[in-house]
Amino acid sequence: MNTLSYKTVSAKAEDIQKEWVVIDATDQVLGRLCAKVAKILRGKYKPCYTPHMDCGDNVIIINADKVVLTGDKMEKRQYVSYTGYPGGQRFASPAILQQKSLKKDLKPGKHPLFIKVIKGMLPKNRLGAQLLKNVHVYNGNVHPHEAQNPKVIDINKLK
């Protein structure tokens, strides 16, 4: 067998087929849901996956307010942020971030809890920042992306 005949194929920008998918977060565990969403954003479920390219899909998460955390993590878990000033260390629990998502002045589709969790599961470079723009999270079951003809997928069927 000639091993030189096997070539690693990397996807090119014109070869990538991006789709729009809708995921219902009702009664889903937050971390497990976001881990699967991060894999969809990266494109790891596609056969043309290339680590240095944005070959994943655009993800719309609906019913984000109905997501659950196991145990007492909704109150006890602490997310840390820093303002950049002395004494500017801030702590927020998932319950506080869930309340922030209900504010009217928040940018539509940017749920603070989901963005924080998914961001931690993506690469810490420019590619991760680009991939984070492909996720849109809404509290209700209505979203403004009907023109993209998103397909509904069952997140429980993915590994």
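# Exercises on a predicted fold

Cys48 has a relative accessibility of 31%, so Cys48 counts as partly exposed. Keep in mind throughout that this is a predicted model.

## Exercise 1: cysteines

Work out how many disulfides the model has, using a sulfur-sulfur cut-off of 2.5 Å.

*Solution.*
- Start with Cys34. Its closest cysteine sulfur belongs to Cys55 and sits 20 Å away, which is too far for a bond.
- Next comes Cys48, where the nearest cysteine sulfur is again that of Cys55, at 5.3 Å. The cut-off is 2.5 Å, and Cys48 is in no disulfide.
- The count by this rule is 0 disulfides.
- Now add the surroundings. Cys34 is at 0% relative accessibility, and because buried means under 20%, Cys34 counts as buried. Cys48, at 31%, falls in the partly exposed class.

## Exercise 2: the overall layout

Describe the order of helices and strands along the protein chain, and say how much of the chain is buried.

*Solution.*
- Count the elements: the protein chain has 5 helices and 6 strands.
- Read them off in sequence order and you get β-α-β-α-β-β-α-α-α-β-β.
- For the extent, a box of roughly 60 × 40 × 30 Å along the principal axes holds the C-alpha atoms.
- For burial, 40% of the 159 residues count as buried.
- Contacts between residues at least 6 apart in sequence give one more number: 67% of them join residues at least 24 apart.

## Exercise 3: the parallel sheet

Find the strand order of the open 4-stranded sheet, then explain why one side of S5 and of S6 has no neighbour in the sheet.

*Solution.*
- The order is S5-S2-S1-S6, and the pairing is parallel.
- S5 and S6 (151-152) are the edge strands; each has a single partner strand, so one side of each has no neighbour in the sheet.
- Check the S2-S5 pair: 3 bridges join these parallel strands, and Ile61 has Val137 in S5 as its bridge partner.
- Check the S1-S2 pair: 5 bridges, also in the parallel sense, with Trp20 standing opposite Asn58 in S2.
- To get from S1 to S2, the chain passes through H1, and this β-α-β crossover is right-handed.

## Exercise 4: two faces of S2

Which residues of S2 point one way, and which the other?

*Solution.*
- In a regular strand, side chains alternate between the two faces of the sheet.
- In S2, Asn58, Ile60 and Ile62 point one way, while Val59 and Ile61 point the other.
- Burial comes next: 5 of the 5 residues of S2 are buried.
- Zoom in on Val59. Beyond its neighbours within four places in sequence, Val59 contacts Val21, Ile23, Val37, Ile40, Leu41, Asn134, Val135 and His136.

## Exercise 5: the largest nonpolar core

Which elements give two or more residues to the largest nonpolar core, and which of them gives the largest share?

*Solution.*
- The core has 30 residues, and those touching the most other members are Leu30, Val37, Val59, Ile61, Phe114, Ile118 and Val135.
- The elements that give two or more residues are S1 (20-24), H1 (30-42), S2 (58-62), H4 (112-119), H5 (126-132) and S5 (135-137).
- H1 gives the largest share, 7 residues.
- Another core lies apart from this one; it has 5 residues, among them Val22, Ile60, Ile62 and Tyr138.
- Now look at H4 itself. Its buried residues are Leu113, Phe114, Ile115, Val117 and Ile118, and their cover includes H1, S2, S3, H3 (94-100), H5 and S5.

## Exercise 6: a serine in a loop

Is Ser101 buried or exposed, and what does its side chain reach?

*Solution.*
- Locate it: Ser101 is in the loop between H3 and H4.
- Classify it: the relative accessible area is 10%, and because the cut-off for buried is under 20%, Ser101 is buried.
- List its polar partners: the Ser101 side chain reaches the backbone oxygen of Gln98 at 2.5 Å, and a 3.2 Å polar contact links the side chains of Ser101 and His111.
- Finish with touching residues: leaving out those up to four places away in sequence, Ser101 touches Leu106, His111, Pro112 and Asn139.

## Exercise 7: the hairpin

In which sense do S3 and S4 run, and which residue of their hairpin takes a positive phi?

*Solution.*
- S3 (79-82) and S4 (89-92) run antiparallel and are joined by 4 bridges.
- One pair to check is Val80, whose bridge partner in S4 is Phe91.
- The hairpin has 6 residues between the strands, and Gly84 takes a positive phi near 105°.

Conventions
Residues numbered from 1 in each chain as written. Predicted model: local features only at pLDDT ≥ 70, side-chain atom pairs only at ≥ 80, totals over all residues. Heavy atoms only, no water. Core = buried A, V, L, I, M, F, W, Y, C linked by side-chain atoms within 4.5 Å. Buried < 20%, exposed > 50% of the residue type's maximum accessible area, 1.4 Å probe, protein only. Contact = heavy atoms within 4.5 Å. Pairing = 2+ DSSP bridges. Right-handed = clockwise from strand over helix to strand, strands pointing away.
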